[in-house]
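Please open the structure in your viewer and keep the selection tool at hand. The tour below proceeds stop by stop.

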Amino acid sequence: MAYETIIVDVEDHVCVITLNRPEALNALSKELLDELAEALEESQKNDKVRCIVITGSEKAFAAGADIKMMQDKNFSEVFLEDLFTNQADRISRIRKPIIAAVSGYALGGGCELAMMCDFIICSDTAKFGQPEINLGISAGLGGTQRLTRFVGKSKAMEMNLTGRLMEAEEAERCGLVSRVVPAKKLLEEAISAALKISEKSLLTTMAVKEMVNRAYELPLAEGLRFERRVFHSLFSTEDQKEGMAAFSEKRDAQFRDR
């Protein structure tokens with residue numbers, strides 16, 4: 001399918017989705033979010049795709065939500081429209097692993113989109129922030145909720161109240177990103193990680209994604225119980241038999257997602 005605001009490329013079991021509104025530093029318009037959600041849903045249905053990478057340009061992953069789209073709206077309009085809810089819910093329902101490859105600015109909705117992914121690899125030029133306070137509004141796509149879970153109350157409160165930006169080194173230090181790489185190697189490193197994930201059993205990678213996400217939603221005892229039951233259930237798969245046989249026979253496993 002042809003898209004206007006994103007570029008989609010599938011190769012070697014990895015779908016790379018590039019946000020493509022360079023004139024607006026990839027600001028998240030309704031059209032872009034609709035197309036992104038649709039592309040992710042198509043990737044979910046595509047048997048060839050086993051892992052997804054979302055990226056932007058070297059200058060900006062996404063510099064925020066599209067202010068021009070929002071500035072004339074009033075409360076009744078955004079409340080009745082339930083602004084951003086549909087797209088965020090669709091993105092959050094994707095079961096295949098998603099990596100955010102972030103370079104340059106990831107601000108407001110851009111930071112929130114990166115946090116919707118399963119983990120973030122960023123370049124040494126990345127800058128994260130929730131500067132909505134400067135516009136007289138708050139974050140609305142998870143910037144007060146996911147960011148607090150990732151970096152703790154103090155940093156999240158400071159970023160949301162002052163609008164200050166967090167650079168790559170600090171983002172890695174406080175756990176917002178998994179690692180920092182040179183800007184010119186960002187996409188290469190993200191795709192390399194995606195290819196490693198693609199070699200695993202898709203049944204297992206989707207199960208692991210669900211288990212880790214439950215850690216943010218359940219008390220520890222309930223989370224451990226959920227993890228244990230999923231762990232037990234994976235012993236009913238052909239991939240478990242193949243994986244353990246391959247280990248014993250000192251060969252690469254050939255998973256079949258069964």
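By class, 17 nonpolar, eight polar and eight charged residues line the second largest pocket. In this scheme Ala, Val, Leu, Ile, Met, Phe, Trp, Tyr, Cys and Pro count as nonpolar, Asp, Glu, Lys and Arg as charged, and the others, Gly among them, as polar. The model is a predicted one, in which local features need pLDDT of at least 70 and side-chain atom pairs count only at pLDDT 80 or more, while totals for chains, interfaces and linings use all residues. Residues are numbered from 1 along each chain as its sequence is written, and side-chain values use heavy atoms, with hydrogens and water left out.

**The second largest pocket**

This pocket holds about 740 Å³ of space. Select Ala-65, Met-70, Glu-132, Leu-135 and Ile-137, which are the closest to its centre of the 33 lining residues. Two or more lining residues come from each of α2 (67-70), α3 (75-81) and α5, and α2 gives the largest share, three residues. Helices (H or I, at least four residues) and strands (E, at least two) are DSSP runs, numbered from the N terminus.

On a 1 Å grid over the protein atoms alone, a pocket is an open set of points with protein on both sides within 12 Å along at least five of seven lines, whereas a cavity is a set of points where a 1.4 Å probe fits but cannot get out; lining residues have an atom within 4 Å of a point. Grid points are joined across faces, edges and corners, and a volume is the space filled by probe spheres set on the points.

**Ala-65**

Next, select Ala-65 alone, in the loop between β4 (60-62) and α2. Leaving aside residues up to four places away in sequence, Ala-65 touches Ala-27, Leu-28, Met-70, Phe-84 and Gly-109 (contact means heavy atoms within 4.5 Å).

**The cavity**

Leu-28, Phe-84 and Gly-109 are also among the residues that line the largest cavity. Add Leu-33, Gln-87, Ala-88, Ile-91, Leu-113, Met-116 and Leu-141 to complete its lining. The volume of this cavity is about 50 Å³. Its lining has eight nonpolar, two polar and no charged residues, and α4 and α5 each supply at least two of them.

**A salt bridge**

Now select Arg-90 and Glu-41, which form a salt bridge with the closest N and O atoms 2.8 Å apart. The term denotes a side-chain nitrogen of Lys or Arg within 4 Å of a carboxyl oxygen of Asp or Glu. Arg-90 belongs to helix α4 and Glu-41 to helix α1 (residues 30-45), so the pair ties together parts that are 49 residues apart in sequence.

**The largest pocket**

Move to Met-116, Cys-117, Asp-118, Lys-209 and Asn-213, the closest to the centre of the largest pocket among its 31 lining residues. About 910 Å³ of space lies in this pocket. Which element gives the largest share of its lining? That element is α10, with eight residues.

**Two helices side by side**

Finally, select helix α10 (residues 202-214) and helix α11 (residues 220-233), whose axes come within 9 Å and cross at roughly 170 degrees. Axes are lines fitted to C-alpha atoms, for helices over the stretch in contact, and angles run from 0 to 180 degrees between N-to-C directions. The two helices are therefore roughly antiparallel to each other (the term applies to angles over 145 degrees). Show the side chains of Ala-207, Glu-210, Met-211 and Arg-214 in α10, which meet Phe-226, Glu-227 and Val-230 in α11. This contact has four nonpolar, no polar and three charged residues.

Note on methods:
Angles under 35 degrees count as roughly parallel, over 145 as roughly antiparallel, 65 to 115 as roughly perpendicular and the rest as oblique.
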